[in-house]
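Please open the model in your viewer and keep the sequence at hand, since this tour goes from one selection to the next and says what can be found at each stop.

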Amino acid sequence: MIRTISVLFLLISLPVLATSGFEQVGKARLNVFIWSVYDIELLTPDGLYAPDRVPVKLKLTYLRNFSAKSLVNRTREEWSEQGISHEKSEQWLRALLDIWPDINEGDSLELYVDCSHNSHFYFNSQLAGIIRDKEFAPLFLAIWLSDRTSQPAMRSRLLAGKTIKQPDSSFCR
């Protein structure tokens, strides 16, 4: 009985354990015309961002309702506008459609990229699915963090001047 309770506690705690110990790099709010769309936050273990350094966490808290299909279509549009093309893009977009639920105001989606470069998606702090492809996360994060993003002011607030070119240490051993 105690073993069962311990296993259940561990399973319930896993999302928190997987991403605890992170510090905010920056945060921003996306507004389109008069509508607030989402709040977004970038986090790393030390509060500094370096491209391709993991682990990293990106959390979006939605301020409006969206269908999963509209989010996936917007991902496709952002990649297209940035000139991002990959042979697996459509495969990844199909996976996102399976992973992401429809979003209601107040819901959150988090991306947690682990030390093996797997992309874990959490919906309201519960694991929704994983994309196990190290090539996916950099292209997904580029939507907000690339210098070609459609939202350069948001990128500036997310990075908050806390970028480093060559990290002194790795958080993954």
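Two strands are taken to pair here if DSSP finds at least two bridges between them. The model you are looking at is a predicted one.

**The sheet as a whole**

Begin by selecting the strands, which make up an open sheet of 6 strands in the order 1-2-3-4-5-6, with antiparallel pairing. At its edges are strand 1 and strand 6, each of which pairs on one side only. If you look along the sheet, neighbouring strands are turned against each other by 20° on average, with direction ignored.

**Strands 1 to 3**

Now restrict the selection to residues 23–32, which are strand 1, and residues 35–44, which are strand 2; these two pair in the antiparallel sense over 9 bridges. Within this pair, N31 can be picked out standing opposite S36 of strand 2. The two strands form a hairpin with 2 residues between them, and in that turn F33 has a positive phi of about 55°.

Add residues 56–62, which form strand 3, and you will find that strand 2 is joined to strand 3 by 6 bridges, the two running antiparallel. A useful pair to display at this stop is D39 and T61, since T61 of strand 3 is the residue that D39 stands opposite.

**The loop between strand 2 and strand 3**

Which residue in the loop between strand 2 and strand 3 should be selected for its cis peptide bond? The residue is P55, which has its place in that loop, and the bond leading from V54 to P55 is cis, with omega near 0°. D52 is found in the loop between strand 2 and strand 3 as well, and its phi is near 70°, a positive value in a residue other than glycine. Both features deserve a look, because most residues other than glycine have a negative phi, and most peptide bonds are trans. D52 has a relative accessible area of 61%, over the 50% cut-off, and is therefore exposed.

**E110 in strand 4**

Move next to residues 108–113, which are strand 4, and select E110 within them. Is E110 buried or exposed? Its relative accessibility is 6%, so E110 counts as buried, the limit for that class being under 20%. Show its side chain together with that of K57, and a polar contact of 3.5 Å can be seen joining the two. Not counting residues up to four places away in sequence, E110 touches K57, L58 and K59, and also H120, F121, Y122 and S125.

**The loop between strand 5 and strand 6**

From there, go to the loop between strand 5 (119–123) and strand 6 (126–131), where N124 is found. N124 is not a glycine, yet it has a positive phi of about 50°. With a relative accessibility of 33%, N124 counts as partly exposed.

**Helix 2 and helix 3**

Turn now to the helices, selecting residues 68–81 for helix 2 and residues 89–99 for helix 3, whose axes come within 9 Å and cross at roughly 155°. That angle is over 145 degrees, and helix 2 and helix 3 are therefore roughly antiparallel to each other. Their crossing is right-handed. To display where they meet, show A68, K69, V72, T75, R76 and W79 from helix 2 against S89, E90, W92, L93, L96 and L97 from helix 3.

**Helices against the sheet**

Bring the strands back into view and follow helix 3, which lies across strand 5 and strand 6 and runs at about 165° to strand 6. Helix 5 can be followed in the same manner, as it lies across strand 1 and strand 2, running at about 160° to strand 1.

**T149, the last stop**

Finally, select T149, which is found in the loop between helix 4 (136–145) and helix 5 (152–159). T149 is buried, with a relative accessible area of 7%. What does the side chain of T149 reach? It reaches the backbone nitrogen of Q151, at 3.2 Å. Leaving aside neighbours within four places in sequence, the residues to display in contact with T149 are Q82, A142, I143, W144 and R155.

How values were computed: Residues are numbered from 1 along each chain as its sequence is written. This is a predicted model: local features need pLDDT of at least 70, side-chain atom pairs count only at pLDDT 80 or more; totals for chains, interfaces and linings use all residues. Side-chain values use heavy atoms; hydrogens and water are left out. Helices (H or I, at least four residues) and strands (E, at least two) are DSSP runs, numbered from the N terminus. Buried means under 20% relative accessible area, exposed over 50%, partly exposed in between (1.4 Å probe, protein chains only). A polar contact is a pair of N or O atoms within 3.5 Å; within protein, one must be able to donate a hydrogen and the other to accept it, and residues adjacent in sequence count only if both atoms are side-chain atoms. Contact means heavy atoms within 4.5 Å. Axes are lines fitted to C-alpha atoms, for helices over the stretch in contact, and angles run from 0 to 180 degrees between N-to-C directions. Angles under 35 degrees count as roughly parallel, over 145 as roughly antiparallel, 65 to 115 as roughly perpendicular and the rest as oblique. A crossing is left-handed if the near helix is turned anticlockwise from the far one by less than a right angle, and right-handed if clockwise.
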